[in-house]
Amino acid sequence: MPDLTALNYRIRLVPDLVRFTFEGRVDIRLEAPEPVTQIRLNAVELAVWRCSLKRPDGAAACAFRVDPTVEQLCIDLPETVSGPIRIQIDYAGKINDRMAGFYRSRYTRDGRTEHIAVTQFEERDARRAFPCLDHPAQKAVFDIELEVDRSLTAVSNTAIQVQEILENGQKRVVFESTPKMSTYLVFFGVGPFETLQDHVDSRVRVLTLPGQQKFAGYGLEFGRKALQFSESYYGIPYPLSKMDLIAVPDFAFGAMENWGAITFRENLLLHYPDVTSRSGEERICEVIAHEIAHQWFGNLVTPSDWSYLWLNESFATYFGYGVVAHYHPEWEIWQQFLNGTTASAMTRDGLLENYAIEIPGGAQLVINTSTAPIIYNKGGSILRQIEGYIGPDGFQKGLRRYLNTHAYQCAASRHLWEAFEAASERPVNAMMKSWVEQPGFPVITAGREGGWLVLTQKRFTYLPNDSGQSWLVPVTLLVFGPAGERRRMTVLMDAVEQRVDIGQDAVAFKLNDGQTGFYRVRYADPQNLKRLGEMAREKTLPPEDRWGLQNDLYALCVAGDMPLSAYFDYLGYYASEDAYLPLSSMAGNLSHAHLVAPPGQRAQIAALARPWFEAILGRIGYAPRPAEKQTTAILRDQLLFDAIQYGSAAAEAFALERFGDLSRGGSVHPDILKSVMQTAAWCGAAHEFEWFDRRFNACASEHERLTILSAIGCFRGGTEIERALDYVLTTVPPRNKFIPIVAMSGNLHAVPLLWDWYLNHLPELEQFHPMLYERVIAAIVPVAGIDHTEAVRRFFADYVLKNEKAADVIRLCLERLEINQRMRNRNHP
């Protein structure tokens, strides 16, 4: 069939929020470069009533059929046509409850359950709301009209052009034409939305449900700042007349960058005083910045195929942090980028079961638990590596060149590489190909031969591999002289082995200076590793390098290159560590080791961690302090519950005292609310569970609801654990059902129950949103499967044949299970 290009969609919808149905008409202008007799559009779960070919002399009815197996509407034209084509389609659909397509979201108002209707179209769900060419390369102009109850607000990508009351009592709302854009970015919503407009930049608004406006100011202000930064940095004005930030109760993802109508989970947009923690505030800012970056990366310039989705998500991830760092440098956000984004990317990318950033077969790409850490986190980390290599000025110039060249069009990876290379005059093209087109990353082994440093690269994986891959690696190197002097060197490693002259007098060297590179380091010389440990103890290395040293060492232990005891010994250099980044990372590593280690070794880990964490908490204070650093507040909440799980009586007494205040109607500082609630569950039983249930049903803040759900995954008693699992299925809203399960996967007392529970409740779990069901599998299998390894493998060998959509996450989880199983077996006393 010859290629067709969509030029314009005129969409008219009449949603019914009582029956949860909608009637629709779409008028599509297409361009056919060659004669055609049939048009195939994407459509699913739509009842098509009639199709017609619009001609200057009238309309001609068209025969049509819907093929649900390939999600297509096939329209047979009454004659052969070419050039401009105009098709009109009348149809109807359901406003579903699956958080995809045109769906309904539930909320409570004055004790009554009510609904709004909103859309979520990425990646391929616009076809659930209107027949279309549902592919990112098919950019078109959209003219949208909604007929809604006169008491409700209608919202779409653009501002309202015409609004009138109809004779039937309904309201007709016509919106301005959109820019040329992809179907997955279209948005329309209906509900009793209230609007808060920014007083500085009237383009920026926050839309909420009734009664929530008082919580919208924080997100509104940062939305305006993020828009201001983006217009300045990218050098291209935001092209729409308004930018709405919309809080949605039921939402499977965190947020969605619909052009001009960005949707968010409530906790990622609304700020509740005395409830939203400082880490919650930071997350609100980071997600808002991420979505606003998409207005340029993805919306203005769109990937020509889903293979290039990283061009959207990697940049939005990177600038999500970059914008926050610009306005809040005191938050040490780039340290959190390393600890969260880069570390999680390396953990995911260290698997044999893997993808390249530019994922093959993009037409069928799905953002899921398996692919997201590569597209978002690894991609963002590689951008940090590139900026470190070509410099901030070359990076910005390259981005501006890329955006200006491809505005309102589609682009592929090479277009970005070419822009970077032209701006920086460095071999970015070859480098980016090596990082974007193949999976994995290298571990660089560094050995010393006199005055020469011998570098060797090999793909890093936790399980053995025989890969012959290599990368073009920008290696940053810090060389220490005998008098303490330092020399910084940059080497472009373009072979499997490379020799670097560091001089006979060099006493030590540190690879990946500043940790901008996406690679691990293995030091072949024990004396060099010892000297670096001494520098870590003396804090003559910055926090980023102290983080990298121990984090690479732990990864090598997980991979079996050295015993876990070697990592514990090396932590002796960090006994007086006081920086967030290395401390948070080490706490996470110890938590993982404690979870998967054999029972005999858990006592050793607890004996190491308990006094150490108590000393840190004693230094920073168990209770939050005025004007303390952002990262101190985040670290405390992490270490407090960790210390309690390792048996700290002092931490437990503090947290239970605070929970006592809370249960008697008092308040707890939001920065420790999560750990206090976790401790209450850890030490509690039926009485505490009843309290959590009452609190969950009464609280108005989604932020607090999520905290409660994390806490109910922390009970130790079997009765309470089983009750919590039942609570997930019977009471927790679909959008959040995975949260207590994820918490239980880190709870040694709950882990033994999870695999059988998963099997016994599989039909209910399979009804979860696909992405949320994947999170359940990813939480349960790698840890709960350790005691059932063969049974788990046998089950999924058959199950994956019946559920191909879950195949990626299943393979990923089985590999993680094997890694954990091997780690446990290696470290048996």
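Me: What is the handedness of the crossing of α14 and α16?

Reply: In this structure, which is a predicted model, the crossing of α14 and α16 is left-handed. The two helices are α14, residues 649-663, and α16, residues 686-698, and their axes come within 12 Å and cross at roughly 50 degrees.

Me: Why are α14 and α16 described as oblique to each other?

Reply: Angles under 35 degrees count as roughly parallel and those from 65 to 115 as roughly perpendicular. With a crossing of roughly 50 degrees, α14 and α16 are therefore oblique to each other.

Me: Which residues of α14 and α16 meet?

Reply: From α14 come F659, L662 and S663, and from α16 come E688, W691 and R695. Sorted by class, the residues of this contact are three nonpolar, one polar and two charged.

Me: Which residues of α14 are buried, and against what do they pack?

Reply: It helps to begin with the general idea that an α-helix has 3.6 residues a turn, so residues three or four places apart point the same way. In α14 the buried residues are A651, F654, A655, F659, G660 and L662, and the buried residues of this helix pack against α13, α15 and α16. As for its length, α14 has 15 residues and reaches 21 Å from its first C-alpha to its last, which is close to the 21 Å expected at 1.5 Å a residue.

Me: At what angle do α13 and α15 pack?

Reply: Helix α13, residues 630-645, packs with helix α15, residues 670-683, at an angle of about 10 degrees, and their axes are 8 Å apart. Because angles under 35 degrees count as roughly parallel, α13 and α15 are therefore roughly parallel to each other. In this contact A633, R636, D637, L640, F641, I644 and Q645 of α13 meet D671, I672, K674, S675, Q678, T679 and W682 of α15, and by class the contact has six nonpolar, four polar and four charged residues.

Me: Now to the loops: is I786 buried or exposed?

Reply: A residue counts as buried when its relative accessible area is under 20%, and I786 is buried, with a value of 5%. I786 has its place in the loop between α22 and α23, and, leaving aside residues up to four places away in sequence, I786 touches V596, L817, N820, Q821 and R824. The C-alpha atoms of I786 and R822 are separated by 9.6 Å, although these residues are 36 residues apart along the chain.

Me: What is the relative accessible area of A627?

Reply: A627, found in the loop between α12 and α13, is exposed, with a relative accessible area of 85%. Its C-alpha atom and that of L656 are separated by 25 Å, and the two residues are 29 residues apart along the chain.

Me: Which residues other than glycine have a positive phi, and which peptide bond is cis?

Reply: The general idea is that most residues other than glycine have a negative phi, and most peptide bonds are trans. Here E45 has a positive phi of about 60 degrees although it is not a glycine; E45 lies in the loop between β2 and β3 and is partly exposed, with a relative accessible area of 48%. E425, in the loop between α6 and α7, has a phi near 55 degrees, also a positive value, and E425 is exposed at 73% relative accessible area. The cis peptide bond runs from E122 to E123, with omega near 10 degrees, and E123 lies in the loop between β7 and β8.

Definitions and conventions. Residues are numbered from 1 along each chain as its sequence is written. This is a predicted model: local features need pLDDT of at least 70, side-chain atom pairs count only at pLDDT 80 or more; totals for chains, interfaces and linings use all residues. Side-chain values use heavy atoms; hydrogens and water are left out. Axes are lines fitted to C-alpha atoms, for helices over the stretch in contact, and angles run from 0 to 180 degrees between N-to-C directions. Helices (H or I, at least four residues) and strands (E, at least two) are DSSP runs, numbered from the N terminus. Angles under 35 degrees count as roughly parallel, over 145 as roughly antiparallel, 65 to 115 as roughly perpendicular and the rest as oblique. Contact means heavy atoms within 4.5 Å. Ala, Val, Leu, Ile, Met, Phe, Trp, Tyr, Cys and Pro count as nonpolar, Asp, Glu, Lys and Arg as charged, and the others, Gly among them, as polar. A crossing is left-handed if the near helix is turned anticlockwise from the far one by less than a right angle, and right-handed if clockwise. The expected span of a helix is 1.5 Å times one less than its number of residues. Buried means under 20% relative accessible area, exposed over 50%, partly exposed in between (1.4 Å probe, protein chains only).
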